[in-house]
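Me: Got a minute to walk through this one with me? I'd like to get a feel for the fold before I go back to the bench.
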Amino acid sequence: MDMLDQGLNADPTAVEEAYAKLSSLRATLPSVMEAGGWDAFLSPTAIAEAPVGRHTGNAIFCTPWSFLGTPSAAVPGFKSAETGMPVGVQFNGRHGDDSTVLALGKWLHAHANLIRPNPLG
């Protein structure tokens, strides 16, 4: 309920400013992707591997893309060396280009070597 209470008690001016910033970010993203020659971004979905025997964990890295309203596809990228649990990654693409994001996710899911431990340690 804390998050609900925060939202209900938020300063209306601050909320309007946040929406204006969000609108600006949404408008800027296509030119950033175009300038970089990128079809999508690859990022983690969570701060760590999935917890053993529980929900999927803290998916904080999904939040910015959800706010931006971009198409995203999350797949298990590799297994944790410590627990053997999957570590999720996500492709995030251009507005309206769901097909590219889904194709990238499908490709990674088919080609990720889930036997290999996390290459980053």
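Reply: Sure. One term up front: two strands count as paired if DSSP finds at least two bridges between them. Also keep in mind that this is a predicted model.

Me: OK, so which residue in β3 is the bridge partner of A73?
Reply: That's F91.

Me: And how many bridges do β2 and β3 have, and in which sense do they pair?
Reply: Seven bridges, in the antiparallel sense. Strand β2 covers residues 72–79 and β3 covers residues 86–93.

Me: What's between the two strands?
Reply: Six residues, and the two strands form a hairpin. In the turn, G84 has a positive phi of about 80°.

Me: Let's go inside. Which residues make up the largest nonpolar core?
Reply: Eight of them: A40, A73, V75, V89, F91, V101, L108 and A112. So the bridged pair A73 and F91 turns up here again.

Me: Which elements supply at least two residues each?
Reply: β2, β3 and α4, the last being residues 98–111. There's also another core lying apart from that one, with five residues, including L22, M33, W65 and L68.

Me: Back to V101 for a sec. What does V101 touch, ignoring residues up to four places away in sequence?
Reply: P71, S72, A73, F91, N92 and G93.

Me: And A40, where is that?
Reply: In strand β1. Leaving aside neighbours within four places in sequence, A40 is in contact with M33, F91, N92, G93 and L104. A40 and R94 are 54 residues apart in sequence, yet their C-alpha atoms are 6.8 Å apart in space.

Me: Switching to the threonines. Is T70 buried or exposed?
Reply: Buried: its relative accessible area is 10%, and the cut-off for buried is under 20%. T70 is in the loop between α3 (63–68) and β2. Beyond four places in sequence, its contacts are L29, W65, N92, G93 and H95.

Me: Why does T45 count as buried, then?
Reply: Because its relative accessible area is 12%, which is under the 20% cut-off. T45 is in a loop too, between β1 (40–44) and α3. Not counting residues up to four places away, T45 touches N58, A59, I60, F61, C62, A74, G88, V89 and Q90.

Me: What about A27, why is that one called exposed?
Reply: Because A27 has 58% relative accessibility, and exposed means over 50%. A27 lies in helix α2. Its C-alpha is separated from that of L68 by 9.5 Å, with the two residues 41 apart along the chain.

Me: Last topic, pockets. How much space lies in the largest one?
Reply: About 270 Å³. The lining is M3, Q6, G7, A10, A14, V15, A18, Y19, L22 and F67.

Me: Which elements give two or more residues to that lining?
Reply: α1 (2–8) and α2 (12–36). The largest share comes from α2, with five residues.

Me: And what's the lining like by class?
Reply: Eight nonpolar, two polar and no charged residues. L22 is one of the residues lining that pocket, and L22 is also among the residues of the five-residue core.

Note on methods: Residues are numbered from 1 along each chain as its sequence is written. This is a predicted model: local features need pLDDT of at least 70, side-chain atom pairs count only at pLDDT 80 or more; totals for chains, interfaces and linings use all residues. Side-chain values use heavy atoms; hydrogens and water are left out. Helices (H or I, at least four residues) and strands (E, at least two) are DSSP runs, numbered from the N terminus. Buried means under 20% relative accessible area, exposed over 50%, partly exposed in between (1.4 Å probe, protein chains only). Contact means heavy atoms within 4.5 Å. A nonpolar core is a set of buried Ala, Val, Leu, Ile, Met, Phe, Trp, Tyr and Cys residues joined through side-chain atoms within 4.5 Å. On a 1 Å grid over the protein atoms alone, a cavity is a set of points where a 1.4 Å probe fits but cannot get out, and a pocket is an open set with protein on both sides within 12 Å along at least five of seven lines; lining residues have an atom within 4 Å of a point. Grid points are joined across faces, edges and corners, and a volume is the space filled by probe spheres set on the points. Ala, Val, Leu, Ile, Met, Phe, Trp, Tyr, Cys and Pro count as nonpolar, Asp, Glu, Lys and Arg as charged, and the others, Gly among them, as polar.
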